[in-house]
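Reader: I would like a close look at the charged pairs in this model, and at the strands and helices that carry them. Please keep it plain, and take it one pair at a time.

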Amino acid sequence: MVDEEIAKMLRKERVKARKLEEEARERKEEEELDLEEVKRQMKEGELKLYDREFSFEMRDLLKNRIRVILPFDGIVEKKNLDEVYESMSDELAFSSHFVLEEGAADFMELDVYKKNMEKNLDGTGLSFKWNEEGAMMVNGVKLQYLDFVTTTGLGAVHNSMWFIYCKYGRLLCNINYDHKEKRYWKPIVSAMMQTIEVR
């Protein structure tokens, strides 16, 4: 019995050590990654990131009022309307959702959205892990963002929500990807966020 407990303890320690090593490796990769180079390659249409290659294209969406770089290979458009654009790829485990509310008032504080999301998920079995939030100026407009992971019974989904109040109204962008693929998608989504344009 004591041997079993010692073995369990050692296994837990090994798992913990592997997780710490993985986190350290990810931090080192992030620090060494040149995001400007990622943006440049994405704008040119092809990105080599670590051991994978991705194709991208500049897209004019929502009556040509916004321009954004989106993945190209395997992407299926679900909606392409004047006020809503949705795309997804099962192969890439990626989806995008853009909504423009014309003439709408400015967004509320990010904390309001966070509290509302947590409240709406009470009792659903889903959980949030908030990663990051902030604001930046991108191509002349203020972009606020929330970055979080939603855990479901099927796995973890990484979410990046962008809130842009612009001359047309409120633009809400939501990008989702498989959290296990964050090594690739985190810099890609960051580059997408930092290059979006309101036209």
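**Salt bridges and their surroundings**

Author: In this predicted model, D60 and R199 form a salt bridge through their side chains, with N and O 3.8 Å apart. The two residues come from distant parts of the chain: D60 belongs to strand β2 and R199 to the segment after β11 (197–198), with their positions 139 residues apart in sequence. Both ends are partly exposed. D60 has a relative accessibility of 28% and therefore falls into that class, and R199, at 38%, is also partly exposed.

A local group of charges lies elsewhere. E37, R40 and E44 are joined into one network by salt bridges that share partners. Within this group, the bridge between R40 and E44 has its closest N and O atoms 2.8 Å apart. Why are these two separated by about one helical turn? Because R40 and E44 are 4 residues apart in helix α2 (residues 35–44). Their exposure falls into separate classes: R40 counts as partly exposed at 37% relative accessibility, while E44 counts as exposed at 59%.

R52 and E181 make another salt bridge, with an N to O distance of 2.5 Å. R52 sits in strand β2 (residues 52–61) and E181 in the loop between β10 (169–178) and α4, so this pair ties together parts of the chain that are 129 residues apart in sequence. Here, too, both residues are partly exposed, R52 with 23% relative accessibility and E181 with 25%. Counted over the model, there are 12 salt bridges.

The next step is the sheet that holds β2. This is an open sheet of 4 strands in the order β1-β2-β3-β11, and the pairing is antiparallel. Its edges are β1 (46–49) and β11, each of which pairs on one side only. Strand β3 (residues 66–71) is joined to β11 by 2 bridges, in the antiparallel sense. Across from E197 in β11 stands R67. Helix α2, which carries R40 and E44, packs on this sheet and touches β1, β2 and β3; the helix direction makes about 145° with that of β1.

The other end of the R52–E181 pair leads to a second sheet, since E181 is in the loop that follows β10 and precedes α4. That sheet is open and has 7 strands, ordered β4-β5-β6-β10-β9-β8-β7, again with antiparallel pairing. The edge strands are β4 (76–80) and β7 (127–138), each pairing on one side only. From one strand to the next, the twist averages 10°. Strand β9 (residues 155–166) and β10 run antiparallel and are joined by 10 bridges. H158 stands opposite Y177 in β10.

Two helices lie across strands of this 7-stranded sheet. Helix α3 crosses β7, β8 (141–152), β9 and β10, and runs at about 155° to β7. Helix α4 lies across β6 (94–102), β7, β8, β9 and β10, at about 165° to β10.

Helix α3 (residues 110–120) contains a charged side chain worth a separate look, K114. Is K114 buried or exposed? K114 has 15% relative accessibility, which is below the 20% cut-off, so K114 counts as buried. The side chain of K114 makes a polar contact of 2.5 Å with that of E133. Leaving out residues up to four places away in sequence, K114 touches W130, E133 and L146.

That leaves the nonpolar interior. The largest nonpolar core has 37 residues, and M42, F54, F98, W162, I188 and I196 touch the most other members. Helix α4 (residues 182–195) supplies the largest share of this core, 7 residues. A second core, separate from that one, has 8 residues, among them F107, Y113, M161 and F163. In general, nonpolar side chains tend to be buried together in soluble globular proteins.

To return to the charged pairs: D60 and R199 link parts of the chain 139 residues apart, and R52 and E181 tie together parts 129 residues apart, whereas R40 and E44 lie 4 residues apart in one helix, α2.

Technical notes
Residues are numbered from 1 along each chain as its sequence is written. This is a predicted model: local features need pLDDT of at least 70, side-chain atom pairs count only at pLDDT 80 or more; totals for chains, interfaces and linings use all residues. Side-chain values use heavy atoms; hydrogens and water are left out. A nonpolar core is a set of buried Ala, Val, Leu, Ile, Met, Phe, Trp, Tyr and Cys residues joined through side-chain atoms within 4.5 Å. Buried means under 20% relative accessible area, exposed over 50%, partly exposed in between (1.4 Å probe, protein chains only). A polar contact is a pair of N or O atoms within 3.5 Å; within protein, one must be able to donate a hydrogen and the other to accept it, and residues adjacent in sequence count only if both atoms are side-chain atoms. Contact means heavy atoms within 4.5 Å. A salt bridge is a side-chain nitrogen of Lys or Arg within 4 Å of a carboxyl oxygen of Asp or Glu. Two strands pair if DSSP finds at least two bridges between them. Axes are lines fitted to C-alpha atoms, for helices over the stretch in contact, and angles run from 0 to 180 degrees between N-to-C directions.
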